[in-house]
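Here is a short set of exercises on a two-chain model, each with a worked solution. Have the structure open and try each task before reading on.

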Amino acid sequence: MLSPLLLMAGGSPLHPLLATAVVPADSPISQLVPSLGANDLPYALPIHPNLVHFTIGLFVIAIAFDIAGALYPVEKRVFRFLALPITRSGFHDVGWYNLLACAIVTFFTVAAGFFEMLLAVPIAGVTSTIGLQSMETMLWHGVGGVVILLVIVLMTVWRGYQRFVWRKDLGRQVQWLYLLVAMGIFLVIGLHGTLGAELAAEFGVHITADQLLASGQNLRDALP
Amino acid sequence: MQGLLPPLNDHNLPWMDTIHPIIVHFVIAMAIISVIFDLIGVLTRKPQLFEVSFWNLLFATVAIFVAIIFGQVEAGLAEPYGAARSILDLHSTIGWSLAGVLSLLTGWRYVLRSRDPQSLPLSFLAAGGVLATLVVVQVTLGNQLIWVYGLHTVPVVAAQRAGLV
């Protein structure tokens with residue numbers, strides 16, 4: 001976890017420059033204040049969480065359909081019983097095109113995420129369910145987001161090589177290792193998404209009602 | 001019904017955090033990408049994409065029923081206030097309607113695919129446009145419930161329990 005590292009930087013006399021670092025009272029975010037709403041954004045509804053639907057949905061379903069394509073010999077009887085005509089290549093088409101769409105949209109997911117994180121004002125004094133403070137959560141979620149973008153792009157390149165070069169003439173278009181790595185990424189994305197959800201539902205980032213409450217306003221008047 | 005659920009936490013939920021917004025990843029992304037792949041498939045004459053669209057549409061239809069189940073439980077525990085009450089009502093109504101629309105479209109698509117998987121009538125593209133519009137409206141309403149009114153967020157739940165909302 002990041003905490004010991006931050007503690008060293010902030011709390012101990014390890015490095016004189018770091019120990020005496022101060023946050024200027026006039027934070028650069030104040031330059032934008034006239035154009036920001038109560039949710040600290042220049043618009044009412046944040047963009048990043050909506051693009052996240054596409055990153056996660058497309059990645060998970062791409063892998064799910066490649067798994068279905070890989071296990072085709074097992075399940076084809078079930079689909080025949082359901083009178084639902086299937087082809088193995090059709091499943092792998094979903095695996096490829098959904099992942100390609102995921103890689104494209106995720107650049108925008110990360111870009112929107114960084115824009116909105118630069119404007120984030122987490123509620124002070126909160127520790128999340130998994131025991132992190134707001135800055136730690138944002139650092140993990142921000143850096144992690146870039147790493148996940150890189151991983152998704154690498155997975156797409158790997159998937160493309162399997163589809164168009166290495167396994168072009170094979171029925172099962174993906175290696176077992178690819179599917180295994182993808183399942184590992186599910187776990188990472190699940191944890192990563194939890195951090196993002198905590199930034200909203202616990203730290204109140206970009207949530208109008210939470211920010212109004214934090215500034216001491218009464219929701220009966222401020223948000224009728 | 002609350003007797004059937006574990007005790008409620010500081011999100012006023014019997015589980016760690018809201019599950020409905022996670023399930024709707026698979027409704028929103030799959031429904032919209034299905035419409036987009038149909039459009040690209042028609043424009044670039046790439047019938048391969050129609051198969052990708054079909055599976056995404058089928059998956060969106062399965063996912064919306066799971067989304068509704070969790071949505072109903074979490075809406076029941078949301079304690080909406082002010083204008084959020086009518087937004088939540090509308091969100092629920094459109095949610096159930098979307099389940100009907102998605103099911104109808106998937107059934108229609110199943111028949112089309114059984115007859116000729118290589119082509120797609122323009123009328124289905126138009127229906128896809130209606131579906132995408134409904135999804136966008138529904139997502140906007142859901143966004144307002146969380147990002148404006150903060151339902152199930154810790155600060156709002158704390159204020160509600162303190163009788164401030």
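This is a predicted model, in which local features need pLDDT of at least 70 and side-chain atom pairs count only at pLDDT 80 or more, while totals for chains, interfaces and linings use all residues. Residues are numbered from 1 along each chain as its sequence is written, and chains are lettered from A and ligands numbered from 1 in the order in which they are written.

**Exercise 1. Describe the make-up of chain A and of chain B.**

Step 1: Begin with the secondary structure, where helices (H or I, at least four residues) and strands (E, at least two) are DSSP runs, numbered from the N terminus. Chain A has 9 helices and 0 strands, and chain B has 5 helices and 0 strands.

Step 2: Turn to burial. A residue is buried if 20 or more other C-beta atoms, placed from the backbone, lie within 10 Å of its own, exposed if 12 or fewer, and partly exposed in between. By that rule 36% of the 224 residues of chain A are buried, and 44% of the 165 residues of chain B are.

Step 3: Look at contacts, which join two residues whose C-beta atoms, placed from the backbone, lie within 7 Å. In chain A, 76% of the contacts between residues at least 6 apart in sequence join residues at least 24 apart. For chain B, too, residues 24 or more positions apart make up 76% of the contacts with a separation of 6 or more.

Step 4: Add the dimensions of chain B, whose C-alpha trace spans about 60 × 30 × 20 Å along its principal axes.

**Exercise 2. Check the length of helix α6 of chain A and find its packing partners.**

Step 1: The expected span is 1.5 Å times one less than the number of residues. For the 33 residues of α6(A) (134-166) that gives 48 Å, and the end C-alpha atoms are 45 Å apart, so the two agree.

Step 2: List the buried positions, among them A:Ser134, A:His141, A:Ile148, A:Ile152, A:Met155 and A:Arg159.

Step 3: Follow these buried residues outward: they pack against α3, α5 (88-118) and α7 (176-201) of chain A.

**Exercise 3. Analyse how the two chains meet.**

Step 1: Take the totals: the contact uses 37 residues from chain A and 36 residues from chain B. On the chain B side, α1, α2 (48-76), α4 and α5 each supply at least two residues, and α1(B) gives the most, with 8 residues. By class, this side has 24 nonpolar, 10 polar and 2 charged residues; Ala, Val, Leu, Ile, Met, Phe, Trp, Tyr, Cys and Pro count as nonpolar, Asp, Glu, Lys and Arg as charged, and the others, Gly among them, as polar.

Step 2: Examine α3(A) (48-70) against α1(B), which pack at about 85° with axes 8 Å apart. Axes are lines fitted to C-alpha atoms, for helices over the stretch in contact, and angles run from 0 to 180 degrees between N-to-C directions. The two helices are therefore roughly perpendicular, a label for 65 to 115 degrees (under 35 is roughly parallel, over 145 roughly antiparallel, the rest oblique). Residues in this contact include A:Phe54, A:Leu58, B:Phe26 and B:Ile33, and the full set divides into 10 nonpolar, 3 polar and no charged.

Step 3: Examine α5(A) against α2(B), which pack at about 85° with axes 9 Å apart. That makes α5(A) roughly perpendicular to α2(B). Among the residues involved are A:Asp93, A:Tyr97, B:Glu51 and B:Trp55; by class the contact has 5 nonpolar, 2 polar and 2 charged residues.

**Exercise 4. Locate the nonpolar cores.**

Step 1: A nonpolar core is a set of buried Ala, Val, Leu, Ile, Met, Phe, Trp, Tyr and Cys residues joined through C-beta atoms within 7 Å. The largest has 54 residues, of which A:Leu58, B:Val27, B:Met30, B:Ala31 and B:Ala60 touch the most other members.

Step 2: Trace its sources: α3, α5 and α6 of chain A and α1, α2, α3 (84-115) and α4 of chain B each supply at least two residues.

Step 3: Zoom in on B:Met30. Leaving aside neighbours within four places in sequence, B:Met30 contacts A:Gly57, A:Ile61, B:Asn56, B:Phe59, B:Ala60 and B:Ala63.

Step 4: Note a second, separate core of 29 residues, which includes A:Ala120, A:Val205, A:Ile207 and B:Leu151.

**Exercise 5. Inspect the backbone at B:His152.**

Step 1: B:His152 has a positive phi of about 70° although it is not a glycine. Most residues other than glycine have a negative phi.

Step 2: Place B:His152 in the loop between α4 (122-148) and α5 (154-161) of chain B. B:His152 is buried, with 23 other C-beta atoms within 10 Å.
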